[in-house]
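Work through the exercises below with the structure in view. Try each task before reading its solution.

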Amino acid sequence: MTDESMPAVADQAIRGMVRYLEPSWEVAAIERADHGTDSVALLEVETPAGDRSVVLKAATADHVSPERARTEPRLLTLVGRETGIPVPDVFGHCDDHEEYPAPFYLMARVDGENFENRADELSPRARERVFREAGEHLAELHDLGPLPRVGGVGVRDGELAVPEDGDHDGFHDWLLDSYEDTLDSLADGGYFPHLAEDRSRFADIVPDVRRYLRETVPELPDPGPPTYCNKDYRYGNLLLDPETGEAQAVLDWGNVMAAPPAFNLASTESLLLTPDVEGTDRTAELRDALRTAYADARDEWTFDEATEERLRVYRLACRLDAMACLPLWYPDRDEREQRAADHRRFVARYV
C-alpha cells in the first residue's frame, strides 16, 4: 500500500539521522520502502563491527500522533526483552529534533517475506502456523499486563504509560466513544481526507450499526482489566518464512493500546481471517488454531459464554476499522470491491 501524501525524507537528512543515533556509522546505500504511512528507509551501513542492514523509520504522516509514535521503539525494546515474540533490535531513537522529522528510530533489518493481501500463496500448513503463532504471541504480550486503565499507550517522562487524559469509565465506555468517531468517519469520509470518495461507500449502514452498538455494548459482561493490546497484528505487519509460515518479525507497534485480551483476540481474528476466501469450515479451523494456542499458553484463560459474547461484538467493532482503512489497505480496485462486499455481508449478520 502506498500513501502518496507521505512526505519523503531527503538522503542528506537520512544520513544525518543515522549519524545522530550512531555517530560511528556511515550510510552506504539507501532504499525507500514503497508502502506504509510513515517514512521508512532500508539502509546499508558501515560500522566498526562490520556492515549491517538496518531500517530507519520516521513519523512523517498524520495518521499517528508524535506521542504515539514515540512508543514504538520503546515497545519493541520491551517486547524483545520480556517475551519470545520476534521483533527487530532497536539501536537508538530520538523523540524530538530541531532539524530532522521526529520521532525517528533505527532498528535491525530482518529477513522474511510480507504476505499482505496474498496470504492465499502460503501453504495450508504455513497458514496454520501463522495462526498458532499469533495465539502464542498475543498470550505472551498479554502476560505483560495488567495495566492501570484503558486507553492509548503513550510516553510520559520518557517511559511507557497509559495517559490519564481522556480516561474512560471502563473499556466498554471507551469502545462506544471510540467507535462513535469511527462511524462518523465512515459516514463523511473524514478519516483519510484524500480517500474520501471511497470511504463514504458505507455511509448507508452507519445508522444501523451505531444503534446496534449503543444498545448492545453497555449490556456486555465485564471484560476484566486491560493489558497491552496490539490491534494491528496482520499479514501486512509480519515478515514470514514463505515455506513454513514462521514469523521472522512482528512489525509496527505504534498502535498499541491498553485493552482487555478479548478485544485483541477479536481484532487479530478480524485482520487475519478472510471467510469469503477460506470458506466456513476452513475459517473455523484457523480460528481454532489461534484460540487453542492462546488458551494453552494462558492457563487461566477460557473461551466461556461471556467471552464469546464479548468477542462477537468486538469483532464488529474491529471490522469497522477494516472498513475505514479499505482504500489504504487495498489499492487494487477489484480487490477493494471484493473486500467491501465481504464487509457488508459481515455487518448484515448484526443489523
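**Exercise 1. Place Phe171 and Trp174, then describe how their rings meet.**

Step 1. Both residues sit in helix α5 (residues 171-188). Phe171 and Trp174 are three residues apart there, so about one helical turn separates them. Keep in mind that this is a predicted model.

Step 2. Look at the rings. Their centres are 5.5 Å apart and their planes meet at 20°. Planes under 30 degrees apart count as stacked, so the Phe171–Trp174 pair is stacked.

Step 3. Check burial. Phe171 and Trp174 are both buried.

Step 4. Move on to Tyr179. Trp174 and Tyr179 also form an aromatic pair, with 6.3 Å from centre to centre and 90° between the planes. That pair is edge-to-face. Tyr179 is buried, as is Trp174.

Step 5. Widen the view. Ring pairs join Phe171, Trp174, Tyr179, Phe263 and Tyr314 into a cluster. The structure has a count of 13 aromatic pairs.

**Exercise 2. Give the strand order of the open sheet that contains β6, β12 and β9, and find its edges.**

Step 1. Three strands make up this open sheet, in the order β6-β12-β9. Their pairing is antiparallel.

Step 2. Count partners. β6 (151-152) and β9 (227-230) each have a single partner strand. They therefore stand at the edges, and one side of each has no neighbour in the sheet.

Step 3. Take one pairing in detail. β6 pairs with β12 (residues 256-259) over two bridges, in the antiparallel sense. Within this pairing, Gly152 stands opposite Met257 in β12.

**Exercise 3. Is Arg310 buried or exposed, and which residues does it touch?**

Step 1. Locate Arg310 in helix α11 (residues 305-324).

Step 2. Its relative accessibility is 7%, so Arg310 counts as buried. The cut-off for buried is under 20%.

Step 3. List the contacts, setting aside residues up to four places away in sequence. Arg310 touches His172, Leu220, Pro221, Asp222 and Pro223.

Step 4. Pick out one of these. The side chain of Arg310 reaches the backbone oxygen of Asp222 at 3.2 Å.

Step 5. Compare sequence and space. Arg310 and Val217 are 93 residues apart along the chain, with 8.5 Å between their C-alpha atoms.

**Exercise 4. Which parts of the chain does the salt bridge between Asp321 and Lys231 tie together?**

Step 1. The side chains of Asp321 and Lys231 meet at 3.5 Å, N to O. Asp321 lies in helix α11, and Lys231 lies in the loop between β9 and β10 (238-240). The pair therefore ties together parts 90 residues apart in sequence.

Step 2. Both partners, Asp321 and Lys231, are buried.

Step 3. Now take Arg287 and Glu269. Their salt bridge has its closest N and O atoms 3.1 Å apart. It links helix α10 (residues 280-297), which holds Arg287, to helix α8 (residues 261-272), which holds Glu269; the two residues are 18 apart.

Step 4. Compare exposure. Arg287 is partly exposed at 23% relative accessibility. Glu269 is buried at 2%.

Step 5. Try a pair within one helix. Arg282 and Glu285 form a salt bridge at 3.2 Å, N to O. They are three residues apart in helix α10, so about one helical turn lies between them. Arg282 is buried at 17% relative accessible area, whereas Glu285 is partly exposed at 46%.

Step 6. Look for shared partners. Salt bridges connect Glu269, Arg287, Arg291, Glu308 and Arg315 in one network. The structure holds 29 salt bridges.

**Exercise 5. Why is Cys318 not bonded to Cys229?**

Step 1. The closest cysteine sulfur to that of Cys318 is in Cys229.

Step 2. The distance is 7.8 Å, too far for a bond. A disulfide needs sulfur atoms within 2.5 Å.

Step 3. The disulfide count is zero.

Step 4. Add burial. Cys318 is buried at 6% relative accessible area. Cys94 also counts as buried, at 4%.

**Exercise 6. Where is His142, and what is it in contact with?**

Step 1. His142 belongs to helix α4 (residues 124-142).

Step 2. With a relative accessibility of 2%, His142 counts as buried.

Step 3. Leave aside neighbours within four places in sequence. His142 is then in contact with Thr227, Tyr228, Pro261, Asn264, Tyr294 and Arg298.

Notes
Residues numbered from 1 in each chain as written. Predicted model: local features only at pLDDT ≥ 70, side-chain atom pairs only at ≥ 80, totals over all residues. Heavy atoms only, no water. Pairing = 2+ DSSP bridges. Helix = DSSP H or I, 4+ residues; strand = E, 2+ residues; numbered from the N terminus. Buried < 20%, exposed > 50% of the residue type's maximum accessible area, 1.4 Å probe, protein only. Contact = heavy atoms within 4.5 Å. Polar contact = N/O pair within 3.5 Å; in protein donor to acceptor, adjacent residues only side chain to side chain. Salt bridge = Lys/Arg side-chain N within 4 Å of Asp/Glu carboxyl O. Phe/Tyr/Trp six-rings, centres within 6.5 Å; stacked < 30°, edge-to-face > 60°.
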